[in-house]
Protein chains: 2
Amino acid sequence: MIVDILTLFPEMFAGPFDASIIKRAREKGLVEINLINIRDFSRNKHRTVDDTPYGGGAGMVMAPEPLFEAMDWIHAHRGRPGRVILLCPAGRPFNQEMAAELARERHLVFICGHYEGIDERVAEHLVTDEITIGDYVLTGGELPAMVVVDAVCRLIPGVLGERASTVEESFSDGLLEYPHYTRPREYRGYCVPEVLLSGHHEKIRLWRRRQSLLRTLASRPELLARASLTDEDRKILASVLEEIKSLIS
Amino acid sequence: MIVDILTLFPEMFAGPFDASIIKRAREKGLVEINLINIRDFSRNKHRTVDDTPYGGGAGMVMAPEPLFEAMDWIHAHRGRPGRVILLCPAGRPFNQEMAAELARERHLVFICGHYEGIDERVAEHLVTDEITIGDYVLTGGELPAMVVVDAVCRLIPGVLGERASTVEESFSDGLLEYPHYTRPREYRGYCVPEVLLSGHHEKIRLWRRRQSLLRTLASRPELLARASLTDEDRKILASVLEEIKSLIS
């Protein structure tokens, strides 16, 4: 996969993209990431890329030309990208299904906004997908681009070993994960739950599933409502129901 | 504000924390960020920090000791932090209100998870807040920590100029932003909306508000349902209603 990132701060990507999964994906030749400085496409002598907003108001707006010209350059040198993604607060909320969808593309372009905003003509005529990573205000589109690239890279076949693909499945059933424990068995008086030490695989499996269901119910009921539950899940929830009944009767 | 970040990959933070707003906040002395390598608190000779999960299963789990000892060190050297935040998929979804809440603290600690998960006793006994930045799977807690720190730093008094605090207000009313435009007035045949060139401030204000309302209705109706609308907003929506009525009658 080719990933072109249009940004005013290419130096921000050094740490995150030279570590961990993204580094491995690049070293394996599975992902090629190019950081393109939007400022290189400014035509004026001060290399500015922003200007005051039409209609007045505070702050500066990123001008359309440098971005249109950067996209011309990408078209000329690498052909048409599968998706051109603008990271912005008004975008569609990013989720795991979108990550899986993007992981199937061969060429992605990310546009990182800054300042008060980007001239709307960029969103209208260059961009295929406006994406937000969550309902909070960030300084620019750089961190969101890193987040999306990380989530997408993990899903490209060959990037992770088989181990981690199981994590994937556990998330994709739409529930929160069960709690994990490792050595020591007792630490500062805090013990690992007995069942995990029992060696009884079926009991452990059911305990973990019950934990997943109850945690999701406790913290994110809206996820549970959307999840596709198995017959076993329904049975576990029915037994919880009975327990609660006996508690309040 | 003091921010201590417990991570296995301190080098990942170099780019993002040396740029933009976070850099400015650090240079102004408003934020002190310390990257603490969890591995420095491993007691075994190979400096490992993970181990196999009790109860079996794929992947490795981050052991409790290095994290408990790192927190002991923080307590001894800087006192009790206001919040100890664990970045994990099962956490509470991060949003702008949480960012504002965290910005009022004097000392935050972030714990970045990795591998299959972190021993649950850390979440139970060390952590005050479990936070997720969105419903997608990332390689570790580092990018989420950067996102939260960025969102929080912007809100610390003195970090941003007055200019950007207005952006803040515009987001905190719970609606998506109106579109921005700058020079040139026409670019590749695409024009700036006439009203923005009119110089009529009141018309521009109403047009922008209407854009915000309709964009939120189009892309994120759940935000609109939660937003506190003004009488003017209701009037604008009523006029939209009339327009739609006349279209379908």
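A:F68, B:Y187 and B:Y190 form one aromatic cluster. The model is predicted. Across all chains, a search of the whole structure finds 10 aromatic pairs. One of them joins A:F68 to B:Y190. This pair is tilted, with 6.1 Å centre to centre and 35° between the planes. The angle is neither under 30 degrees, as for stacked rings, nor over 60, as for edge-to-face rings. The contact crosses between chains. A:F68 belongs to helix α3 (residues 64-78) of chain A, and B:Y190 belongs to strand β10 (residues 190-191) of chain B. The relative accessibility of A:F68 is 3%, so this residue counts as buried. B:Y190 is partly exposed, at 27%.

A second pair lies within chain B. B:F41 and B:W73 meet edge-to-face. Their ring centres are 6.3 Å apart, and their planes are at 65°. The two residues are 32 residues apart, and the pair links distant parts of the chain. B:F41 sits in the loop between β2 (32-37) and β3 (50-51) of chain B, whereas B:W73 is in helix α3 (residues 64-78) of chain B. B:F41 counts as buried, with 16% relative accessibility. B:W73 reaches 30% and counts as partly exposed.

The arrangement of the two chains was examined next. A turn of 180° with a shift of 0.0 Å along the axis lays chain B on chain A, with an RMSD of 0.0 Å. The two copies are thus related as by a two-fold rotation axis. B:G15 comes closest to this axis among the residues of chain B, its C-alpha being at 2.6 Å. Of the interface residues of chain B, 100% are also interface residues in chain A, so the copies meet through the same surface.

In chain A, strand β1 (residues 2-7) holds A:V3. This valine is buried, with a relative accessible area of 1%. Beyond residues up to four places away in sequence, A:V3 touches A:V31, A:E32, A:I33, A:N34, A:L108, A:F110 and A:V149. A:V109 is 106 residues away from A:V3 in sequence, yet the C-alpha to C-alpha distance is 5.8 Å.

The surface of chain A offers a contrasting case. A:I244, A:L247 and A:I248 make a nonpolar surface patch of about 370 Å². A:I248 is in helix α10 (residues 231-248) of chain A. Its relative accessibility is 71%, so A:I248 counts as exposed.

Backbone geometry was considered last. Most residues other than glycine have a negative phi, and most peptide bonds are trans. The bond from A:R183 to A:P184 is cis, with omega near -5°. A:P184 is placed in the loop between α7 (162-172) and β9 (186-187) of chain A. In chain B, a cis peptide bond joins B:R183 and B:P184, with omega about -5°. B:P184 lies in the loop between α7 (162-172) and β9 (186-187) of chain B.

Two arginines of chain B have a positive phi. For B:R47, phi is about 55°. B:R47 is in the loop between β2 and β3 of chain B. This arginine is partly exposed, with a relative accessible area of 37%. For B:R188, phi is near 50°. B:R188 occupies the loop between β9 and β10 of chain B. At 40% relative accessibility, B:R188 counts as partly exposed.

Technical notes: Residues numbered from 1 in each chain as written. Chains lettered and ligands numbered in written order. Predicted model: local features only at pLDDT ≥ 70, side-chain atom pairs only at ≥ 80, totals over all residues. Heavy atoms only, no water. Least-squares fit on C-alpha atoms with pLDDT ≥ 70 in both. Contact = heavy atoms within 4.5 Å. Phe/Tyr/Trp six-rings, centres within 6.5 Å; stacked < 30°, edge-to-face > 60°. Helix = DSSP H or I, 4+ residues; strand = E, 2+ residues; numbered from the N terminus. Buried < 20%, exposed > 50% of the residue type's maximum accessible area, 1.4 Å probe, protein only. Patch = residues over 30% accessible without salt bridge, like charges linked within 9 Å, V, L, I, M, F, W, Y side chains within 5 Å. Areas by Shrake-Rupley, 256 points an atom, 1.4 Å probe, with all protein chains shown as cover. Salt bridge = Lys/Arg side-chain N within 4 Å of Asp/Glu carboxyl O.
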